[in-house]
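Student: Please take me through one part of this model closely. I would like to look at the sheet, with what packs on it, and then at the ligand site.

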Amino acid sequence: MKNVLDDCKDPMGAAIYDYYKNGKAGKLRVFSPDFDEDEIPVKELFRDFGQMSQIEQLALRRAQGQILDVGAGSGCHSLALKELGKNSKAIDISGLAVEVMRQRGVDASVTDFFDPSFTGTFDTIIMLMNGAGIIGNIGNIGNFFERVDKLLNDGGVVLMDSSDLKYLYEDEQGGYVFNLAGDYYGQMKYSMKYKNIQGEPFDWLYIDFDTLSYYSRKYGYNVVLLHEGEHYDFLVELSRI
Ligand code: SAH
């Protein structure tokens, strides 16, 4: 399966491109059936090391050897890695984002992480800014570990951040009310719009630590909690058992 974005259906890529060319961009709007309309500040996609969260800074400090930056966007993490004297390759399904990364001096290619024809061996795979989102949904998690297995060197690790969305389901007594008949509670559907560019809806996964641990073990991976952020967000390291 090869699944890259068409420029005319790539709102985030268009916003990244605009911001890089003009130093400013319009509103990057986010829609979800589960939330009110939201906005991603495009400027934040161009954050530098000092502007990154502790989770991101920790991941970048730990990353070593040949590094794969998955869903790299504007290339902010790859550029920060370069400043730390580290080598990375960046991939993204957005041709517009990849064009910007190349102009910024990042080694980037238009590649779907799940495309089996994408090969390579990496010591560290980084997936940041709710990097688990790229897994899409729980049904794709086996596929995710299969791809990780193909791309990691012996002793290699994945550094990935996620958030536990349970706080969205908290009731007044402090308990949690989940719809047990529905999809996993961290499975979201989003679409984005920038100017008149409307993207296709896509699945985006927020996975809690216990569920991630369960699936990691099932597919032969250890998971270590490296850091917890201030709002149910956390960084993990995955490695082969
Ligand atoms: N990591 C960047 C960008 C996060 S936005 C940052 O922290 O600023 C998520 C990015 O993942 C988008 O640029 C999107 O195009 C890309 N993406 C989504 N699915 C992908 C996939 N299957 N393979 C590669 N990149 C993907």
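Tutor: Two strands count as paired if DSSP finds at least two bridges between them. Keep that cut-off in mind for what follows. The model is predicted.

Start with strands E7 and E12. E7 covers residues 152–163 and E12 covers residues 233–240. They run antiparallel, and 7 bridges join them. The pairing can be followed by residue: Val-158 has Leu-238 in E12 as its bridge partner.

Now the other side of the hairpin. E11 and E12 are also joined by 7 bridges, and they too run antiparallel. Here His-227 stands opposite Leu-235 in E12. The hairpin of E11 and E12 has 4 residues between the strands. In this hairpin Tyr-232 takes a positive phi, near 65°.

Step back to the whole sheet. It is open and has 7 strands, in the order E5-E4-E3-E6-E7-E12-E11. The pairing is mixed. Strand E5 (108–110) and strand E11 (221–228) are the edges, each pairing on one side only. On average, neighbouring strands are turned by 20° against each other, direction ignored. In general, strands of a sheet pair through backbone hydrogen bonds, either parallel or antiparallel.

Next, the helices. Helix H2, residues 54–62, packs on the sheet. H2 touches strand E6 (122–127), E7, E11 and E12. The direction of H2 makes about 25° with that of E12. Helix H6, residues 209–218, lies across E7, E11 and E12. H6 runs at about 155° to E11.

Last, the ligand. It is surrounded by 18 residues. The closest are Arg-47, Gly-71, Asp-92, Asp-112 and Phe-113. Three polar distances can be checked in your viewer. A polar side-chain atom of Arg-47 lies 2.7 Å from a ligand oxygen atom. Asp-92 also uses its side chain: an N or O atom there is 2.6 Å from an oxygen atom of the ligand. Gly-71 instead offers a backbone N or O atom, 2.8 Å from a nitrogen atom of the ligand. On its own, the ligand has 570 Å² of accessible area, and the protein covers 90% of this. The shell around the ligand divides into 11 nonpolar, 4 polar and 3 charged residues.

Definitions and conventions. Residues are numbered from 1 along each chain as its sequence is written. This is a predicted model: local features need pLDDT of at least 70, side-chain atom pairs count only at pLDDT 80 or more; totals for chains, interfaces and linings use all residues. Side-chain values use heavy atoms; hydrogens and water are left out. Helices (H or I, at least four residues) and strands (E, at least two) are DSSP runs, numbered from the N terminus. Axes are lines fitted to C-alpha atoms, for helices over the stretch in contact, and angles run from 0 to 180 degrees between N-to-C directions. Contact means heavy atoms within 4.5 Å. A residue is near a molecule or strand if one of its heavy atoms lies within 4 Å of it. A polar contact is a pair of N or O atoms within 3.5 Å; within protein, one must be able to donate a hydrogen and the other to accept it, and residues adjacent in sequence count only if both atoms are side-chain atoms. Accessible areas come from the Shrake-Rupley method with a 1.4 Å probe; for residues, only the protein chains shown count as cover. Ala, Val, Leu, Ile, Met, Phe, Trp, Tyr, Cys and Pro count as nonpolar, Asp, Glu, Lys and Arg as charged, and the others, Gly among them, as polar.
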